[in-house]
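Here is a two-chain model to question. How do the labels put on it follow from the numbers?

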Amino acid sequence: MDTRDTPEQAELRRSARQLARELGPATVADLDDAPRRERLAAAVRDAGWLELRDDAGDGTPLASGVEAAIVADALGGAAADVAFAGRVLAADLARRAGVSDRAGAVVAFSAAIVDAAIEPGAETARAMYAVDVDEALDSAYVLAPDGAEYRLARVRSRGAPGASGGSDLTRAIRVFPPGSVVHPAETGGLLTGDDLAAWSALGLAITSADLVGVMRGVLDVTAAYATERRQYGVPVGSFQAVQHLLAEARCLMEGSLSVALHAAWAVDNLSPLEARSAGRVAKAYSARAARTVCETAVQVHGGIGNAWECVAHVYLRRALLSSRWFGDDSFQLRELSRERLEVADGLS
Amino acid sequence: MDFRDSPAEAEFRGRLRSWLAQYNPGLPASSTDDEYWARQAEWHTALYDAGFFGLSWPARFGGHDLPTVFDVILDEEIATAGAPPRPSLGYLVQGISSHGNEAIKDRFLPGLISGRDRWCQGFSEPDAGSDLASLRTTATRAGGEYVINGHEIWTSYSDVADWCILLARTEPDVAKHKGLSAFAVPMRQPGIEQRPLRMINGITTEFGQVLFDGARVPAANMIGEPGEGWRIAMTIVSHEREPGELGYVARYAKTVKELEHAVRAGPADFRSDQREAVAWARVQTEMLRLHVCRRLSERLEGVEHGPGGSIDKLLMTWVEQTVGSAALAVSGSNAVVDADDVALKVYLYSRAQSVMGGTSQIQKNIIATRILGLPAG
């Protein structure tokens, strides 16, 4: 056992953080800087990060869940407004299904944004939400039932693509309204329960890593603010009341990192069900932690923390989406209690 | 990054698992029972004699020179077997190894590690709790000895200890952090009076008060140099805050396993909030296990004595108190109608974790100023 990064992983972590810091939004106003956003998107594309989970040629992914999580952590840390996870998760699902045509694809989720399953039929019965999209897209992957299993299908809206939006100011969501057309995939095979568990494990690992990054990023910003902002003639960060909030937040971030690293490693090294459970543990812990840490950041910023111009809410909003995506802490606790407590005794 | 066992680790795990299956210490199920702690010495010796204790410590002192991460395996297998946690001595070993001279190390480490000698730690006084450096116990030179006078409190297992690592003021006229020295004091001598304390959960074998009234310690038993006591204390308490040194992951995992077992035996008897309290305790315990994997991996190339233990201590405290609350939740009203309810004792015991080894408030001060770099108040 050695849970440290390999030299290659450490280098990826360093370079991804540097890139995200240099090209990510430093202020709320930066979110409107289109040329910067394009430079960031180009840099992420050129680094090959969108292909991390593509087929290496033998059915296995080009890179492991650890590399995907390292990039997610770095992008979360800078609240980087660039599509990454949506594309990587779509590529992973397509690879598992053996579907070859997947350029630019993303996955559309049902309203809970936990799974991508639709009901049988030629059109959708409910709205579907494509998460983390970066350009005009007219279709997204969904999972069409086939007996007890699923096939990858594409959903296409009848009119213009659905309105983009969502509460996260750094990652867009597109809506496919009910009645969108379902096109069965032309290639590819059945996705089994194991395939979907393994895919969820990756989704849980990536969103947990994003939350770890969000916590680190917002804490850096907030500790710097607490050092510089003065009241009563001293920095507010010199008051124990403020120090203790930030110290707790730091601990929550460290604990989240420990579970998120394991979840990322588990994706390609444990059985699909074990990997998904590891992801559930990571997500339950880090979603709860991130909510507290981001709320602390807003609080420590005081009045300005409640103003649109303060970057703290950009992180909080990002945390809300990453927490929900693949299921939030309450959802994971329910699933974990089902897995561990409602079965015959005999688990270790 | 690899969480898997290496071949050597897998071999060790297999050997340990077979031994644990065979060797049943027959201890009470709960760490909140006096007998459980009273028989720690027996468990220590059994683990040590079978070759499963002191894994990462030098073979020269009775350890096994194994990489730090072997302790993760030990804690995992102990929890799975439902056995008691390993003795929590790592921080004393770190303190003596880092500051003691060769003679001190040769003389004291083998007995400490093997369990042949039992140790306690005298750092707290009635008027020196968080403000450790204000302690008033004195050690006055008299020929080849020092004479000890003072009052120690919260001294765990003092009544069964052969030795006490004691912090005492040797130079009364210098700044308070500078006049302290550390000693290995023999506990079985006239001039030492034991006054056990009862904890809020009723156990009496853990907390102690020790009165030193002219007790004697040879000058050769000083650990480190005169005046080095504060630094030694800081080394020891920094490691006393680390779950990787304490082995507490096994204790929490064992309790959670018992709670899961209780719920699985009759799921319909438990509300969803009770089940989710257990699931959250599982998540917290798993977090601590993985956090220790990370911390002990970071030590594969050597131990540092830094403020990071304060983060680990807070995380560990939250885990212990989450597990304690889950036990209370699962027990339901039994915890209020039955004073002997085990869950009640687990819960009450858990409240001490945010005080012992440095309060949570002290840990937060350390994290804020030494890790986050916030200005001192």
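The questions below go from ground rules to chains, core, interface, domains and one residue.

Q: What are the ground rules for this model and its numbering?
A: The model is predicted: local features need pLDDT of at least 70, side-chain atom pairs count only at pLDDT 80 or more, and totals for chains, interfaces and linings use all residues. Residues are numbered from 1 along each chain as its sequence is written, while chains are lettered from A and ligands numbered from 1 in the order in which they are written.

Q: What makes up the secondary structure of chain A and of chain B?
A: Chain A has nine helices and nine strands. Chain B has 14 helices and eight strands. Both kinds of element are DSSP runs numbered from the N terminus: H or I over at least four residues for a helix, E over at least two for a strand.

Q: Why is chain B called as compact as a globular protein of its length?
A: The test is the radius of gyration over C-alpha atoms, set against a globule rule of 2.2 Å times the number of residues to the power 0.38. For 377 residues the rule gives 21 Å, and chain B has 21 Å, so the label holds. Its C-alpha trace spans about 70 × 50 × 45 Å along the principal axes.

Q: How do you know whether chain A agrees with a compact globule or departs from one?
A: A compact globule of 348 residues would come near 20 Å; chain A has 20 Å, so the two agree. The C-alpha atoms of chain A fill a box of roughly 70 × 55 × 40 Å along the principal axes.

Q: What makes a residue buried, and what share of each chain counts as buried?
A: Buried means 20 or more other C-beta atoms within 10 Å of the residue's own; 12 or fewer means exposed, and in between is partly exposed, with C-beta atoms placed from the backbone. By that cut-off, 55% of the 348 residues of chain A are buried. In chain B, buried residues make up 51% of 377.

Q: What is the largest nonpolar core, and why is it said to lie between two domains of chain B?
A: A nonpolar core is a set of buried Ala, Val, Leu, Ile, Met, Phe, Trp, Tyr and Cys residues joined through C-beta atoms within 7 Å. The largest has 187 residues, and A:Ala108, A:Ala205 and A:Leu246 have the most contacts inside it. Helix 5 (residues 193-228) of chain A gives the most, with 19 residues. Domain 1 (7-96) and domain 3 (236-371) of chain B both contribute, so the core lies between them. A second, separate core has 43 residues, including B:Ala168 and B:Met222.

Q: What counts as contact between chain B and chain A, and how many residues take part?
A: Two residues are in contact if their C-beta atoms, placed from the backbone, lie within 7 Å. On that basis 46 residues of chain B meet 43 residues of chain A. Helix 10 of chain B gives the most to the chain B side, with 15 residues. That side divides into 25 nonpolar, eight polar and 13 charged residues. Here Ala, Val, Leu, Ile, Met, Phe, Trp, Tyr, Cys and Pro are nonpolar, Asp, Glu, Lys and Arg are charged, and the others, Gly among them, are polar.

Q: How do you know that helix 9 of chain B has a span close to the expected one?
A: The expected span is 1.5 Å times one less than the number of residues. Helix 9 of chain B has 18 residues and reaches 26 Å from first C-alpha to last, close to the expected 26 Å. Its buried residues include B:Tyr248, B:Leu259 and B:Val263. The buried residues of helix 9 of chain B pack against elements including helix 9 (329-341) of chain A and helix 10 of chain B.

Q: What divides chain B into domains, and how do domain 1 and domain 3 meet?
A: The bounds come from an automatic or database domain assignment. They give domain 1 (7-96), domain 2 (119-227) and domain 3 (236-371). The centres of domain 1 and domain 3 of chain B, over C-alpha atoms, are 19 Å apart. In contact are 21 residues of domain 1 and 26 of domain 3. Helix 4 of chain B gives the most to the domain 1 side, with six residues.

Q: Why does B:Gly309 count as buried?
A: B:Gly309 has 25 C-beta neighbours inside 10 Å, so it counts as buried. This residue is found in helix 11 of chain B. Leaving aside neighbours within four places in sequence, B:Gly309 is in contact with B:Ser238, B:His239, B:Arg241 and B:Glu242.
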